[in-house]
Amino acid sequence: QMVISIKWSASGTQRLLNRRRHYQVTEQELTGLLQAAFPGAQIAVALDGGHVDITVISADFEGLRPVACQQRVYEPLSALIADGTLHAVQISARTP
């Protein structure tokens, strides 16, 4: 949820506009983003509002440290995290 405050002058008076924008994403959209980033991986997504639990099982993680694996999963979701669509992301990233 994002609140935008805009001031403008109309007819010599100041007005304040508060507008709330709700960005929403579906489990299918998140799965699609992750499948594009990790072709052939096993992906599970459970979404509850802005909270999401993600499991990615991929050979791409072979030899990587756990933090590096999580960073690779965060990467395709970064715009959704930055704009507040997702604000709590739990990631399990592992090899087959």
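Student: In which loop is the place of T85?
Tutor: The structure is a predicted model, and its elements run β-β-α-β-β-α-α-β from the N terminus on. T85 belongs to a loop that has a helix on one side and a strand on the other. That loop lies between α3 and β5 (88-94).

Student: Is T85 buried or exposed, and what is its relative accessible area?
Tutor: A residue counts as buried when its relative accessible area is under 20%. T85 meets this condition and is therefore buried, its value being 7%.

Student: With which side chain does the side chain of T85 make a polar contact?
Tutor: A polar contact requires a pair of N or O atoms within 3.5 Å. For the side chain of T85 the distance is 2.6 Å, and the partner is the side chain of D83.

Student: In what order do the three strands of the open sheet stand?
Tutor: The chain has five strands and three helices. Three strands form an open sheet in which the pairing is mixed. β3 and β5 each have a single partner strand, so they stand at the edges and one side of each has no neighbour in the sheet. Neighbouring strands are turned by 10° against each other on average, direction ignored. The order is β3-β4-β5.

Student: How many bridges join β3 to β4, and how do these strands run?
Tutor: β3 and β4 form a hairpin with two residues between them. Among the facing residues, V45 stands opposite I54, A46 stands opposite D53, and L47 has V52 as its bridge partner. The bridges between β3 and β4 number seven, and the strands run antiparallel.

Student: Which residue in the turn of the hairpin has a positive phi?
Tutor: The turn belongs to the hairpin formed by β3 and β4. The phi of the residue in question is about 65°, and the residue is G49.

Student: Which residue in β5 is the bridge partner of I54?
Tutor: β4 is joined to β5 by seven bridges, and the two strands run parallel. I54 of β4 also stands opposite V45. In β5, the bridge partner of I54 is I91.

Student: Why are the buried residues of α1 on the same side of the helix?
Tutor: Helix α1 covers residues 27-37, and its buried residues are L30, T31 and L34. They lie on the same side of α1 because the arc that they cover around the axis is only 100°.

Student: Which residues are exposed on the other side of α1?
Tutor: A residue counts as exposed when its relative accessible area is over 50%. On the side of α1 opposite to the buried residues, this applies to Q28 and A36.

Student: Against which elements do the buried residues of α1 pack?
Tutor: α1 packs on the sheet, where it touches β3 and β4, and its direction makes about 145° with that of β3. Its buried residues also pack against two helices. The elements are β3 (42-48), β4 (51-57), α2 (66-74) and α3 (78-82).

Student: Across which strands does α2 lie?
Tutor: Helix α2 comprises residues 66-74. It runs at about 120° to β5, and the strands across which α2 lies are β4 and β5.

Student: Is T26 buried, partly exposed or exposed?
Tutor: T26 has its place in the loop between β2 (13-21) and α1. The range between buried and exposed runs from 20% to 50%. The relative accessible area of T26 is 34%, so T26 is partly exposed.

Student: How far apart in space are T26 and A46, C-alpha to C-alpha?
Tutor: A46 stands opposite D53 in β4. In sequence, T26 and A46 are 20 residues apart. In space, they are 9.5 Å apart.

Student: Which residues does F38 touch, not counting residues up to four places away in sequence?
Tutor: F38 is in the loop between α1 and β3 and counts as buried, at 2% relative accessibility. The C-alpha atoms of F38 and V73 are separated by 8.7 Å, although these residues are 35 residues apart along the chain. The residues touched by F38 are I43, V56, S58, D60, F61, R72 and V73.

Student: What percentage of the residues of the chain count as buried?
Tutor: The accessible surface of the chain comes to about 6,500 Å², and 49% of it belongs to carbon and sulfur atoms. The chain has 96 residues, and the buried share is 25%.

How values were computed. Residues numbered from 1 in each chain as written. Predicted model: local features only at pLDDT ≥ 70, side-chain atom pairs only at ≥ 80, totals over all residues. Heavy atoms only, no water. Buried < 20%, exposed > 50% of the residue type's maximum accessible area, 1.4 Å probe, protein only. Helix = DSSP H or I, 4+ residues; strand = E, 2+ residues; numbered from the N terminus. Arc of directions from axis to C-beta. Contact = heavy atoms within 4.5 Å. Areas by Shrake-Rupley, 256 points an atom, 1.4 Å probe, with all protein chains shown as cover. Polar contact = N/O pair within 3.5 Å; in protein donor to acceptor, adjacent residues only side chain to side chain. Pairing = 2+ DSSP bridges. Axes fitted to C-alpha atoms, helices over the stretch in contact; angles between N-to-C directions.
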